[in-house]
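Here are three short exercises to try with the structure open beside you. Work each one out before you read its solution.

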Amino acid sequence: MKKVIHRASDRGFADHGWLKAAHSFSFGSFYNPAKSHFGLLRVLNDDIVAPGMGFGMHGHDNMEIVTIPLKGTLAHKDSLGSEGVIKYGEIQAMSAGSGLQHSEFNASATEEVNLLQIWVFPKVRNIQPRYDQKSFDFSDLKNEFKLLVSPQQTSETMWINQDAYFTLGSLDAGKTIEYGLNMRSNGTYLFVIEGDVEVDGERLARRDAAGVFETDKIELTAYENSQMLLIEVPME
């Protein structure tokens, strides 16, 4: 097993007033050649958007974009004609493919929205752009994993144009859980949303992350009630 550790304090930070953003990988004005990507995972942004503010129409192409609200509500609109609002418990997946435009705004006039936006390089380039969103029940998520995103088009998960898997985990203090990789050639980027967990002898606090590869499983132990996102991606 090999691993890289990314501490929350080592992320790139940008404060635009209406937007406070933390970048796990090089993005915008933050550039660190040692943190340009993890395998085919290119971006993991932890954004806090002020009430009523957001990103106007802008373009993307050939990128798989997954958005996960942690708090608040986010309004989406795009050039495909898709329009909707997502909140905690809902996931948004978009294949930019050959190109599209979209906007994202805080749907509330009074509360901040905190979201994770994740970009993964696609498996097939220039596909037809698409947008989808799905609701998940996290109320019974206790000491287990829930698969959110996968390469398979099923009714249980969201589809992504890559051999990648997004899994949400919840673990009570003192509990241990094992995550088995879906593909031996993949690596897993473990992002601690809340809590304090240990992986392969390394303690990870809130918003810390570990990229683990050249293994077929990882074992996690929680030192306090914890929630984590595991992003399994091809390493090349």
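Keep in mind that this is a predicted model.

**Exercise 1.** Find where Met53 sits, and decide whether Met53 is buried, partly exposed or exposed.

*Solution.* Start with the chain: Met53 belongs to the loop that joins strand E4 (41-49) to strand E5 (54-60). Next, take its relative accessible area, which is 36%. Buried means under 20% and exposed means over 50%, so Met53 counts as partly exposed. Finally, look at its partners: beyond the neighbours within four places in sequence, Met53 is in contact with Trp18, Phe105 and Asn106.

**Exercise 2.** Follow the contact from Met53 to Asn106, and work out whether Asn106 is buried or exposed.

*Solution.* First, locate Asn106 in strand E10 (residues 100-106). Its relative accessible area is 4%; the limit for buried is under 20%, so Asn106 is buried. Then check its surroundings: leaving out residues up to four places away in sequence, Asn106 touches several residues, including Val49, Pro51, Thr73 and Glu111. For Glu111 there is one more detail: its backbone oxygen lies 2.7 Å from a polar atom of the Asn106 side chain.

**Exercise 3.** Which residues have the most contacts inside the largest nonpolar core?

*Solution.* This core has 31 residues, and the ones to pick out are Ile118, Phe166 and Ile231. Now select Phe166: among the residues Phe166 touches are Ile118 and Ile231, along with Val66 and Leu148. A second, separate core has 17 residues, among them Leu171 and Ile218.

Definitions and conventions: Residues are numbered from 1 along each chain as its sequence is written. This is a predicted model: local features need pLDDT of at least 70, side-chain atom pairs count only at pLDDT 80 or more; totals for chains, interfaces and linings use all residues. Side-chain values use heavy atoms; hydrogens and water are left out. Helices (H or I, at least four residues) and strands (E, at least two) are DSSP runs, numbered from the N terminus. Buried means under 20% relative accessible area, exposed over 50%, partly exposed in between (1.4 Å probe, protein chains only). Contact means heavy atoms within 4.5 Å. A polar contact is a pair of N or O atoms within 3.5 Å; within protein, one must be able to donate a hydrogen and the other to accept it, and residues adjacent in sequence count only if both atoms are side-chain atoms. A nonpolar core is a set of buried Ala, Val, Leu, Ile, Met, Phe, Trp, Tyr and Cys residues joined through side-chain atoms within 4.5 Å.
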